[in-house]
Amino acid sequence: MPEISLKAFNPKIESSLVGTIVGVSDSWRLLYANLASRWNPNWTWMTEPSPENYSSNDCSSDDCAFCHSGVAGSDIDPERMIAPELSLRKGAVLLWAGTDCGPVKMIRQLAGLIGIDEEKPLAEQDRRFVDILLYGYGEEPILYVHNGKQKIGCYRGCVNDLKFMREAGTTSKGNLRAIRYFSGPVVCKECNGSRLRLESRHIRIHGLSIVEALQLPVPEMLSFLRDVSRSVGREEGSDGMPLIEAIQARLEHLQRIGLQSLRL
């Protein structure tokens, strides 16, 4: 079986929160496939396992071939784009969390304009403000500074921004990854919305399929990962530990910043 290597995760380096979240999902899928090939002699790889094969928008590895990764026909799910337990400062708008893009600067100015506390979790804010974050603020243009330049523009909301990227036919891997993550589930007759091929859905580790594992909240997922780690650690010559360490580093970061209830 080919050796799998992943980039080390450094929580001290600011990066896209969406990338971190999707990185957890991709690493879990790699781990399940890795262990399945060791524990199940009938398992075969669809393509060579690598992080690249799991982060593109192409149908590959364990993706369901029928719905082509589940993106086609789906729509943006607004509830997935907001983390109510986080404040604006901590990255409550997940699409832009961990970045310093123009919309982030606009949101900060907008919060000051309408009297919103950037340090207070969204769950404690007026629901109307959450709707503004999702769908935009059309009452007046926002004056903001980005990349050292003063700019003015209308804040159109994270839902509309993502729809614009999709409808414009973006080819950016980062944008496609965000579109896939924030899209609602597609009920495919072949995979029942899991976006995985049949063989992948039937693989179980410690009683859980990959679909069930990814539905666990972050603290429970960490506990489950530790159980898996103890099993893998006892295997002579196992190469699953780097994957486990990659998942654990990302999950611990998500838990540390307060994303306790996030489901992947």
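This is a short walk through one predicted protein model, from the overall fold down to a few single residues.

Let's start with the whole chain. The protein has ten helices and four strands. Along the sequence, the pattern reads α-α-α-α-β-β-α-α-α-β-β-α-α-α. There are 264 residues, and 49% of them count as buried. Now the contacts. Take those between residues at least 6 apart in sequence: 68% of them join residues at least 24 apart. The exposed surface is about 13500 Å². Carbon and sulfur atoms supply 49% of that surface.

Next, helix α4, residues 127–135. Which of its residues are buried? Phe129, Val130, Ile132, Leu133 and Leu134. The cover over those buried residues includes α3, α5 and two strands, β1 (137–146) and β2 (149–155). After α4 comes Gly136, with a positive phi near 105 degrees.

Stay with α4 and look at its packing on α5. The two axes are 4 Å apart, and the angle is about 15 degrees. Angles under 35 degrees count as roughly parallel, so α4 and α5 are roughly parallel to each other. On the α4 side, the contact uses Leu133, Leu134 and Tyr135. On the α5 side, it uses Cys158, Val159 and Asn160. By class, that contact has five nonpolar residues, one polar and no charged. Leu133 and Leu134 turn up twice here: they are buried, and they meet α5.

Now move along to the other partner of α5. Helix α5 covers residues 158–167, and α6 covers 173–182. Their axes come within 10 Å and cross at roughly 120 degrees. That angle makes α5 oblique to α6. What is the handedness of the crossing? α5 passes α6 in a left-handed crossing. From α5, the contact takes Leu162, Met165 and Arg166. From α6, Asn175, Ala178, Ile179 and Phe182 meet them. The contact of α5 with α6 divides into five nonpolar residues, one polar and one charged.

On to the loops. Two residues have a positive phi without being glycine. One is Asn147, at about 55 degrees. Asn147 sits in the loop between β1 and β2. Buried or exposed? Asn147 counts as exposed, because its relative accessibility is 64% and the cut-off is over 50%.

The other is His206, with a positive phi of about 50 degrees. His206 belongs to the loop between β3 (204–205) and β4 (208–209). At 45% relative accessibility, His206 counts as partly exposed.

A third loop residue is Ser87. Its place is between α2 (51–55) and α3 (102–114). Ser87 is buried, at a relative accessible area of 4%. What does Ser87 touch, leaving out residues up to four places away in sequence? Ala92, Glu118, Glu119, Lys120 and Pro121.

Last stop, Arg230. This residue is in helix α9, residues 218–233. Arg230 is partly exposed, with a relative accessible area of 49%. Its value falls short of the exposed class, because exposed means over 50%. Arg230 and Met241 are eleven residues apart in sequence. In space, the C-alpha to C-alpha distance of that pair is 9.8 Å.

To recap the helix pairs: α4 and α5 are roughly parallel, while α5 is oblique to α6. And the loop residues: Ser87 is buried, Asn147 is exposed, and His206 is partly exposed.

Key
Residues numbered from 1 in each chain as written. Predicted model: local features only at pLDDT ≥ 70, side-chain atom pairs only at ≥ 80, totals over all residues. Heavy atoms only, no water. Buried < 20%, exposed > 50% of the residue type's maximum accessible area, 1.4 Å probe, protein only. Contact = heavy atoms within 4.5 Å. Areas by Shrake-Rupley, 256 points an atom, 1.4 Å probe, with all protein chains shown as cover. Axes fitted to C-alpha atoms, helices over the stretch in contact; angles between N-to-C directions. Parallel < 35°, antiparallel > 145°, perpendicular 65-115°, else oblique. Left-handed = near helix turned anticlockwise from the far one by under 90°. Nonpolar A, V, L, I, M, F, W, Y, C, P; charged D, E, K, R; others polar.
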